[in-house]
Amino acid sequence: MVSVLFVCLGNICRSPLAEAAFRAEAERLGLEVEVDSAGTGDWHLGHAPDKRAQAVALRNGMDISAYRARQVERIDFMRFDHIIALDESNVTNLHAMRPEDASAAISLLLDHVPGREGEAVADPYYGDDAGFDVTWADVVAGAQGLVERLRR
Ligand code: 4NP
């Protein structure tokens, strides 16, 4: 079974949505996965996802209200096969905290979408509701590309 950890800054907007989209896509295609999400920051530890993130997930058939924010830990670099960052600053932070004997492969979510390599999933936290629909579309594209790669 393949294990994947999605990482953003707060773990209340983008990475919980990526987790949900990936769970749905993996289930749709029958790929067995272990999935979680975490943040590099510690402002929202133990909090449920942002209400706007919960709402966009629910509109798309996923209930993420029971997800709780946590921070990335060193053990995550051993426990997960893939650590998938939502933007480049998350990649930089992950490399800075990555233990020498880490086994997890670190990559950017949209690197798994042909033609969108290097693109960030923009942080919707300080924007309006419409931004969360853009985030959802981005994480679905990333989840589809990632599941396709992992099935090969
Ligand atoms: P996320 O969004 O990284 O997509 O969960 C953010 C949520 C909260 C904060 C920053 C980003 N914050 O600074 O509190």
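Here's a short tour of the ligand and its pocket in this predicted model.

**Stop 1: the pocket.** Start with the largest pocket, which has a volume of about 160 Å³. To bring up its walls, select Cys-8, Leu-9, Gly-10, Asn-11, Ile-12, Cys-13 and Arg-14, then add Trp-43, His-44, Asp-123, Tyr-125 and Tyr-126. Now color that lining by class: you should get seven nonpolar, three polar and two charged residues.

**Stop 2: the ligand.** Switch the ligand on and you'll find it sitting in that largest pocket. Which residues surround the ligand? Try a selection within 4 Å of the ligand: the run from Cys-8 through Leu-9, Gly-10, Asn-11, Ile-12 and Cys-13 to Arg-14 shows up, along with Trp-43, His-44, Asp-123, Tyr-125 and Tyr-126. By class, this shell holds seven nonpolar, three polar and two charged residues.

**Stop 3: the backbone contacts.** Zoom in on the ligand's oxygen atoms and show the backbone as sticks.

- Pick Leu-9: a polar atom of its backbone is 3.0 Å from a ligand oxygen.
- Go on to Gly-10, where a backbone N or O atom lies 2.8 Å from an oxygen atom of the ligand.
- Then click Ile-12, which has a polar backbone atom 3.0 Å from a ligand oxygen.

**Stop 4: the surface.** Finally, draw the ligand's surface with the protein hidden, then bring the protein back. How much of the ligand does the protein bury? On its own the ligand exposes 350 Å², and the protein buries 93% of that.

How values were computed: Residues are numbered from 1 along each chain as its sequence is written. This is a predicted model: local features need pLDDT of at least 70, side-chain atom pairs count only at pLDDT 80 or more; totals for chains, interfaces and linings use all residues. Side-chain values use heavy atoms; hydrogens and water are left out. On a 1 Å grid over the protein atoms alone, a cavity is a set of points where a 1.4 Å probe fits but cannot get out, and a pocket is an open set with protein on both sides within 12 Å along at least five of seven lines; lining residues have an atom within 4 Å of a point. Grid points are joined across faces, edges and corners, and a volume is the space filled by probe spheres set on the points. Ala, Val, Leu, Ile, Met, Phe, Trp, Tyr, Cys and Pro count as nonpolar, Asp, Glu, Lys and Arg as charged, and the others, Gly among them, as polar. A polar contact is a pair of N or O atoms within 3.5 Å; within protein, one must be able to donate a hydrogen and the other to accept it, and residues adjacent in sequence count only if both atoms are side-chain atoms. Accessible areas come from the Shrake-Rupley method with a 1.4 Å probe; for residues, only the protein chains shown count as cover. A molecule sits in a cavity or pocket if more than half of its atoms lie within 2 Å of its grid points.
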